[in-house]
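Reader: I should like to learn how to read the features of a protein model in an orderly way. Could you take me through one, beginning with a charged residue and its partners?

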Amino acid sequence: MRDQLLIGGTWRDGADGERISVLDPATGEELTTVASGTPADADAAVSVAAKAQVGWAKVAPRERGEILRNCWKIMLDHQDELGELITKEHGKPIADAKGEIAYAAEFFRWNSEEAVRLRGTIGTSPNGANRIIVHHPPVGVVVMVTPWNFPAAMITRKVAPALAAGNAVVIKPAKETPLTALRVGELLEEAGVPPGVVNIVPTQSAGPWFEAATANSATRMVSFTGSTEVGRVLLKRCADRVLKVAMELGGNAPFIVFNDADLDAAVEGAMVAKMRHSAETCTAANRFLVEADVADDFTQRLAKVMADVQVGPGHEAGVGCGPMINAGAVQSIDSLVNAAVGEGATVVTGGEIVDRAGFFYAPTVLADVTPTAAINHEEIFGPVAPVVSFTDTDDMIRIANNTEMGLAAYVYTADIGRGMSVSERLESGMVGLNRGAMSDPAAPFGGMKQSGLGREGASEGILEFCETQYIATQW
Ligand code: NAD
């Protein structure tokens, strides 16, 4: 297991010898420790990346693409091993962890194809005096800060397009899940990524690390995935140096069910949207808005399936919901549930912390939740489904949009015309229409409002990591 910093192709400890304690959330005990990068290490990594980037940008796009394809292949060859590592440090069920690796790897395959299709344009100026040639050089060095909920995919969704465009990167994975990040870094080098192009520097002092990384004048861009709260802090810091930014932030997805929906399909979709990856996803259905005449039926069906979900360590057979990431997460979920119940919500199933070692919360369904309850306005990030009923579509859309977040939304209806028109009225970067899953390397992932800036994946993904240069000339 790699437990040191990866800087310039070498593995080493942090400058002050400090270590990060990595916990097993299924037991609450320490799994291992990992070297913690200091501000000096962050600065050194940016300088190393800046040197490596010059050579990497000169590698022919086809060759870059082939190396990225090797990265896709090597991740799949190690899918079981990487999946097990994710389950160890994050806790999610092993099937979700292996699924994450397939998803994470796919960003390399997609961007291996994008690497050779990065096109510019040529036009003539309106007065005919000259040509306007537009092309897209790489930004340079990109500092990446990623969350713990997808220890592999939130890294590859940024690294693959950044490398395809010819950038070098310095990654700060979440301190809860550095093991997967370090192993992925090792595999990328085995796949042919030159030393220094991908640097991985975990730290337990994120603030000072980030200050140093962004103080280095070689840093040109910050790509962040995490909470809106931290995103705001990083944006302010980036403003000081007018750095290019890409922000994938928090969500508060409504899951809307109309009375004509196929309720079996809606419950199946709800389970995917709510419970995948132990319910700790940014696209997780956070609020269920269900048309009043089917609200009780939907709630009972959902509660039955939720009550059957096996809770336990992610590596155990049959487990559908692993531990939460830490004790604080469990407490915050429990407080939201208790507050909702205090405001009149009914616990249909679950509603409590699981009494065992580790950080477990029981799959929960709440009925009669008021639209104003805190649970409808904060990201739950846990296995709790609050159901609010509605009678009027316009009111429901007002409730759905009554949040500063705008990442994902789900709509279930048999009337595709209604589904389309409601989808278009939702202030949400992504909508699953009669689908509980939407993430796809070929689609632009990202949010409106305070859920983010920019998109990851699709053709937009690679452009985030490019400059636009225009050359005026005539001949
Ligand atoms: P977080 O914001 O607490 O942490 C994210 C990262 O930021 C971590 O690496 C953390 O160490 C780092 N960080 C924290 N403070 C920092 C600082 N002052 N300077 C520099 N770095 C700092 O988020 P989290 O708890 O790891 O992840 C959960 C959040 O991420 C949720 O809000 C979820 O919705 C969001 N998320 C969004 C997406 C998306 O694509 N939009 C995807 C996954 C997760």
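**Reading charge, burial and contacts**

Author: At 41% relative accessibility, E211 counts as partly exposed, because partly exposed covers the range between 20% and 50%. Please bear in mind that the model is predicted.

Reader: Which residue meets the side chain of E211 in a salt bridge?

Author: Side chains of opposite charge can pair when their charged atoms come close. Here the side chain of R237 meets that of E211, with 3.5 Å from N to O. R237 is in helix 8 (residues 228-241) and E211 is in helix 7 (residues 206-215), so this salt bridge ties together parts that are 26 residues apart in sequence.

Reader: Is R237 buried or exposed?

Author: R237 is buried, since its relative accessible area is 17% and the limit for that class is under 20%.

Reader: Which elements does the salt bridge between K98 and D80 tie together?

Author: The closest N and O atoms of K98 and D80 are 3.5 Å apart. K98 belongs to helix 4 (residues 94-114) and D80 to helix 3 (residues 79-89), so the pair ties together parts that are 18 residues apart in sequence. K98 is partly exposed at 25% relative accessibility, and D80 is also partly exposed, at 44%.

Reader: Which residue forms a salt bridge with K175?

Author: The partner of K175 is E176, at 3.5 Å from N to O. K175 has a relative accessible area of 39% and is partly exposed; E176, at 22% relative accessibility, is likewise partly exposed.

Reader: How many salt bridges does the structure hold, and which residues are linked in a network of them?

Author: The structure holds 21 salt bridges. R2, E81, R183 and E186 are linked in a network. For the charges of the chain overall, there are 39 positive and 59 negative side chains, and the centres of the two sets lie 9 Å apart.

Reader: How should I read the surroundings of a residue, and what is T156 in contact with?

Author: One begins with the element, proceeds to burial and then lists the contacts. T156 is placed in helix 5 (residues 153-164) and counts as buried at 1% relative accessibility. Apart from neighbours within four places in sequence, T156 is in contact with M75, A104, F107, F108 and P161.

Reader: Where does R69 lie, and what is R69 in contact with?

Author: R69 lies in helix 2 (residues 61-77) and is partly exposed at 39% relative accessibility. With neighbours within four places in sequence left aside, the contacts of R69 are R109, S112 and E113. As for distance, R69 and T180 are separated by 111 residues in sequence and by 20 Å in space, C-alpha to C-alpha.

Reader: What can be said of the chain as a whole?

Author: The chain contains 14 helices and 24 strands. Its C-alpha atoms fill a box of roughly 70 × 60 × 40 Å along the principal axes. For 475 residues, a compact globule would have a radius of gyration near 23 Å, and the chain agrees because its own value is 23 Å.

Reader: How much of the chain do buried residues make up, and how are the contacts spread along the sequence?

Author: Of the 475 residues, 55% are buried. Among contacts between residues at least 6 apart in sequence, 70% join residues at least 24 apart. The accessible surface comes to about 18100 Å², with 51% belonging to carbon and sulfur atoms.

Note on methods: Residues numbered from 1 in each chain as written. Predicted model: local features only at pLDDT ≥ 70, side-chain atom pairs only at ≥ 80, totals over all residues. Heavy atoms only, no water. Helix = DSSP H or I, 4+ residues; strand = E, 2+ residues; numbered from the N terminus. Rg over C-alpha atoms; globule rule 2.2 N^0.38 Å. Buried < 20%, exposed > 50% of the residue type's maximum accessible area, 1.4 Å probe, protein only. Contact = heavy atoms within 4.5 Å. Areas by Shrake-Rupley, 256 points an atom, 1.4 Å probe, with all protein chains shown as cover. Lys, Arg positive; Asp, Glu negative; His and termini not counted. Charge placed at Lys NZ, Arg CZ, Asp CG, Glu CD. Salt bridge = Lys/Arg side-chain N within 4 Å of Asp/Glu carboxyl O.
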